[in-house]
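Let's take a walk through the aromatic rings of this one and see how they meet each other and a few charged side chains.

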Amino acid sequence: MFNNNWKIAYRSLLKNKFFTTLNIVGLAAGLTCFLLITLYVTNELGYDHHNKKADRIFRINTDIVMGGTELVMTVAPDPMPEILKKDYPEIEEYTRIYASSGSKLIKKGTTFLNETLVAHVDSTYFKVFSATAISGDLNTALNEPNTVVVTKSMAEKYFGTTDVLGKTLETNDNGSTIYKITGVIEDIPKQSHYRPDLLFSMDNAPYQFGQLLSHNFQTYLLLKDGNNAASLEAKFSDYVMRHVLPAAKQEMQINSMEEFEQAGNKLKYSLMPLTDIHLHSNRFPELAVNGNIQYIYIFSAVAVFILLIACINFMNLSTARSANRAREVGIRKVLGSEKSTLIRQFLTESTLLSYLAIFLALLATALLLPLFNDISGKQFEVADLFNHFFIVLLFFLPLVVGLLAGTYPAFFLSSFQPLQVLKSKFSTGHTKGGLRSTLVVVQFVTSIVLIIGTLVIYRQLNYIQTRNIGFNKDQLLVINNTFALDNQKEGFRNEILKLSGVIGSTNSGFLPVSASSRNDRTFSTQAAMTSSSGLNTQIWGVDENYIPLLGMEMKYGRNFSKEFGTDSSGIIINETIAALMGIENPVGQKLYSGNNGGMTTPYTIIGVVKNFHFESLKQQIGPVAFWLKPADYSMAFKVNAKNINPLLASIEQTWNKMAPDMPFEYSFLDESFARMYESEQRVGQLAISFAALTILIACLGLFGLAAFMAEQRNKEIGVRKVLGASVQHIMALLTRDFIKLVGIAAVIAFPIAWYAMHKWLENFAFKTSIGWWIFFVAGGIAILIALITVGGQALKAAITNPIKSLRSE
């Protein structure tokens, strides 16, 4: 019986090649999209799960509100985890990561290479995080100063082999520091929220340890089995009272945490599960660019809806073709076939179609992987489609799709009454039209929502690019690692300024893009800081050229100047700080900085710079101040972009003369600014792709339905033409119903799309509006696509000679 069902299904599909092709292509397109999104979603959800103790590892997060400024951080004070482990038995182990140095120059042969994935870590790092050792004892590898554990890639890069235990690496730390390689590990898996290539001993970290009020270390706690993170987190207030408050009393006049909080301030420590970091953490500073759980929800919903649309196509075409199968059903019932037998037969056909479609989808997915990698920023390989999860998925998915798409047609077709069918009293010109109409509406609701989503995303991206951000990011060339020039920095700057096309320069250790260095400090509006006088702000070291070169505008006061010797104790603040101080024009006022019981160093406000965006537009403009201090580990040059390649060659030549062993690295500020919104740009590209695919699948179904309806009504059309109906009238007759369905879909889709995109835009502190024209354009696109799809079949039917359709009458 089973073999017989497959044979009949195969013959039936061959007999109706046109509709079989439409169904297979539609299902294959839907399955392709589903497989690609499933690859992406499972990859994102799998971050950090390779760690054997992942369910017991938690990161300490810090939330601080001080003087109206909120800091949402991933870092904690360096003594905190040791104190916690000593005081609270729930903690088995801890480890810290210090990555504030950003990068290191590593010597290879006679030249230095710049490595960015570097960090100083505790010797307990490998007791918390999992790693596969190639050589060395990871439990003791970082016990001593001047030791380093390297990944397989780094070992091969610098020595050409993994047999490097005991060899040394020279870095630029403190001019020159030699590190002994005490361990080699396999490359850390890609699905990690942080993937360092070089792990240096914490003993060599360039940091003054023992600061309970300074937050600079990513800190991870490994809890003992059976311990609850929430119960440990509840004890953090006790830690604050017993350890942080006494330290705070040495720097400010404060009697209790209640007093501190009553002044509108806050200090809170919390725990975040390791496996939540990649998708749920959007704090500062993150060790790498994280994902977004919202996009996982969105893409998962899109995958399901696209697959549903492909199934709807199958249902629509199967039920629309019911008249062609009615006589077959009638004869088989007369010959004794039971309803259950017919249901199995039709489900066999739909399942066979699904397995044919999954084969094409798998092939299409493999071919599209390079393009999908470019859009998504991933590095998927064909082998990823054949892991254990996907093998199971590829087997059961066609079965589920076949049953989902084929169940209703199977029950519908098997319910025909043989007496009516064989007496030719059965007609399906409009049978079950209500259901088919509903399914078409569902398809176009999804399509229109995706079209609107795509338009809103690109409107927001355009808003980001065109908004006045308070500084000029164009034509600014940033030369990195200028600390390698040592005492030749000024000589290098002067040589570059002589080149044609170079307009000006400034020290650029701090830049208004999120990838740049950051430095926060607490100031006070009074010499003795109290709970209400403290002010936490970013403080950047700049020179007198910084503000004019970046095109920033002064609101009050003046810029730094070499003509004023007192500017070394001067400070320029932004409008946000002025607002927090409650003074419209605070020029001449003082801010105090210091410690040990008093804010002993006064800084005079000499100017107020207009607010500028120094983080993503997702965030409000925070407080930032400038003081006249060197931050010359990078330099920015204003250049003429017309002859940029020869200019870059001349700059590199000058660099190689002054620092022949050091790598020449540069970037452009506008490109760094654009990288802040890479995830949104990728989402926009994915939205376009998914919207196009959804529309394609919907159009395939619409095309098939239009072709079938034209075939069903061919005699009616012939009669109308004989009675004088024009081609335009016939086309309007055949397209009118479909256009009505698209219109209904638009009415349903508009509020859904508005709500979804309104929630998405809430992620941005500065955002565009969702204009009415977006809905008009989306609806117009959907109607135009429907007209083009249906119009071809309508025109073909309208120009057909009526004699052909009425010949048998």
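Start with the cluster: F471, F510, W540, Y546, F612, F614, F626 and Y633 are joined through ring pairs. Keep in mind that you're looking at a predicted model. Across the structure there are 37 aromatic pairs, so let's pick out a couple, using the fact that a ring pair is described by the distance of the centres and the angle of the planes.

Take Y207 and F217. Their ring centres are 4.9 Å apart and the planes sit at 85°, so this pair is edge-to-face; the cut-off for that label is over 60 degrees. The two rings tie together distant parts of the chain, with Y207 in the loop between β12 (198-201) and β13 (217-223), and F217 in strand β13, ten residues apart. Buried means under 20% relative accessible area, so Y207 makes it into that class at 17%. F217 is buried too, at 0% relative accessibility.

Now jump to F492 and W655. Here the centres lie 5.7 Å apart with the planes at 85°, so you have an edge-to-face pair again. This contact also bridges distant parts of the chain: F492 belongs to helix α16 (residues 489-497) and W655 to helix α19 (residues 644-658), 163 residues apart. F492 comes out buried, at 0% relative accessibility, and W655 is likewise buried at 0%.

Rings meet charges here as well. K473 places its charged end over the ring of F673, 5.0 Å from the centre. Over at F564, the face of the ring is covered by R558, at 3.8 Å from the ring centre.

Key: Residues are numbered from 1 along each chain as its sequence is written. This is a predicted model: local features need pLDDT of at least 70, side-chain atom pairs count only at pLDDT 80 or more; totals for chains, interfaces and linings use all residues. Side-chain values use heavy atoms; hydrogens and water are left out. Rings of Phe, Tyr and Trp (its six-membered ring) pair if their centres lie within 6.5 Å; planes under 30 degrees apart count as stacked, over 60 as edge-to-face and the rest as tilted. Helices (H or I, at least four residues) and strands (E, at least two) are DSSP runs, numbered from the N terminus. Buried means under 20% relative accessible area, exposed over 50%, partly exposed in between (1.4 Å probe, protein chains only). A charge sits over a ring if NZ of Lys or CZ of Arg is within 6 Å of the ring centre and within 35 degrees of the ring normal.
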